[in-house]
Amino acid sequence: MQTLIKPLSINDLTEMKRCGEKITCLTAYDASFSAVLDKAGIDILLVGDSLGMVVQGHSTTLPVSINDMVYHTRCVSHARQRAFIIGDLPFMSYPSPKAAAKNAAKLMQLGGAQMVKLEGSRIDCVSFLVGQGIPVCGHLGLLPQSINQLGRYAVQGKNQADAEKISADAYALQQAGATLLVLECVPAALAKQISAQLSIPVIGIGAGVDCDGQVLVLYDMLNIGTAKRPRFSKNFMVDVNTIEDAVVAYHQAVKRGQFPTPEHSF
Ligand code: KIV
């Protein structure tokens, strides 16, 4: 008889933060990798719109549609047993709170997401979604959907004014009801301060070791693809022979606070 494993809930992730247990997260886009990551014990599978770059071959995340996201979220959710599933709301799928709710409902009802993630300080959308019973993950720091405004993928929050704005936005997202936050490419000291200030778990990518958890783009840490790996990522295939072992090595390194090192931080 097959034993049924209960999927993690947002309460489990909040409890991990409270107990000081680091949260592991990787992006996933299909059923096969979903099963591998789930078996390795990864806590969160993020169906990121980074799939536009690593799966679809675009140079940005902008061309990804809500239908693409529903399709890949469904592939991932079908194959997991334990991991918590977050689906990204893609570019221009939340121009208004109502549009955000319509598209978030698709990710949850058709894709099986337990939470949706959106970029930037969109307090209007976050409070509306939360009011409809939709769990929300914020995303601050480097915002890939705003690449044409930013001009380049660069570390954010380096000067005091920018750091204070990110810090204030993080608090405002929590106050609006977001229950998780991704911080991308910010100085480690700023991420440390925000993680300590908030009661919700903060998951870092290029944000130093003091966040409550870590996320990487799966293909970067498996060294798949032709694009240059970002400085904050690491090739976990380098010391092992299988994908399964690389994922376990990442999971253990994050749980033990051994990744990221200063070499992978700003
Ligand atoms: O789309 C994505 O993969 C993400 C991570 C980089 C956090 O949002």
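This note goes through a predicted model of one chain, from its overall form to a few selected residues.

1. Overall form. The chain has 266 residues, and a compact globule with that many would have a radius of gyration near 18 Å; the value for the chain is 17 Å, which agrees. The C-alpha trace spans about 45 × 40 × 40 Å along its principal axes. The secondary structure consists of 11 helices and eight strands.

2. Burial and long-range contacts. Of the 266 residues, 54% count as buried. If one takes the contacts between residues at least 6 apart in sequence, 63% of them join residues at least 24 apart.

3. Surface and charge. About 11,900 Å² of the chain is exposed, and carbon and sulfur atoms supply 53% of that area. There are 23 positive and 22 negative side chains. The centres of these two sets lie 2 Å apart.

4. Helix α2. This helix covers residues 31–40, and its buried residues are F33, S34, V36, L37, D38 and A40. Which elements do the buried residues of α2 pack against? They pack against two strands, β1 (23–27) and β2 (44–47), and against the helices α4 (66–79), α10 (218–221) and α11. Both ends of α2 have a detail to look at. At the start, a side-chain oxygen of D30 comes within 3.2 Å of the backbone nitrogen of S32. Just after the helix, G41 has a positive phi of about 95°.

5. K17, a buried lysine. K17 belongs to helix α1, which covers residues 10–19. K17 counts as buried because its relative accessibility is 15%, and the cut-off for buried is under 20%. What lies close to the polar end of the side chain can be given in two distances. A polar atom of the K17 side chain is 2.7 Å from the backbone oxygen of S195, and a polar atom of that side chain is 3.1 Å from the backbone oxygen of I200. Leaving out residues up to four places away in sequence, K17 touches S195, L198, S199, I200, P201 and D212.

6. K117, another buried lysine. K117 is in strand β4, residues 115–117. Its relative accessibility is 3%, so K117 counts as buried. Which side chain makes a polar contact of 2.8 Å with the side chain of K117? The partner is H139. Beyond the neighbours within four places in sequence, K117 is in contact with L46, I86, G87, D88, L89, C137, G138, H139 and V182.

7. A163 in helix α8. The helix covers residues 160–176. A163 is buried, with a relative accessible area of 16%. Once residues up to four places away in sequence are set aside, A163 touches G157 and L190. A191 is 28 residues from A163 in sequence, and the distance between their C-alpha atoms is 9.5 Å.

8. Backbone geometry. Most residues other than glycine have a negative phi, and most peptide bonds are trans. Three places in the chain are worth checking against this background.

9. M92. Although M92 is not a glycine, its phi is positive, about 65°. M92 sits in the loop between β3 (84–88) and α5 (97–109). Is M92 buried or exposed? With a relative accessible area of 58%, M92 is exposed, the cut-off for exposed being over 50%.

10. C185. C185 also has a positive phi in a residue other than glycine, near 55°. C185 lies in the loop between β6 (180–184) and α9 (188–197). C185 counts as buried, because its relative accessibility is 5%.

11. P260. The peptide bond from F259 to P260 is cis, with omega near 0°. P260 is in the segment after α11, a helix that covers 243–255.

Technical notes:
Residues are numbered from 1 along each chain as its sequence is written. This is a predicted model: local features need pLDDT of at least 70, side-chain atom pairs count only at pLDDT 80 or more; totals for chains, interfaces and linings use all residues. Side-chain values use heavy atoms; hydrogens and water are left out. Helices (H or I, at least four residues) and strands (E, at least two) are DSSP runs, numbered from the N terminus. The radius of gyration is taken over C-alpha atoms; the globule rule is 2.2 Å times the number of residues to the power 0.38. Buried means under 20% relative accessible area, exposed over 50%, partly exposed in between (1.4 Å probe, protein chains only). Contact means heavy atoms within 4.5 Å. Accessible areas come from the Shrake-Rupley method with a 1.4 Å probe; for residues, only the protein chains shown count as cover. Lys and Arg count as positive and Asp and Glu as negative; His and the chain ends are not counted. The place of a charge is taken as NZ of Lys, CZ of Arg, CG of Asp or CD of Glu. A polar contact is a pair of N or O atoms within 3.5 Å; within protein, one must be able to donate a hydrogen and the other to accept it, and residues adjacent in sequence count only if both atoms are side-chain atoms.
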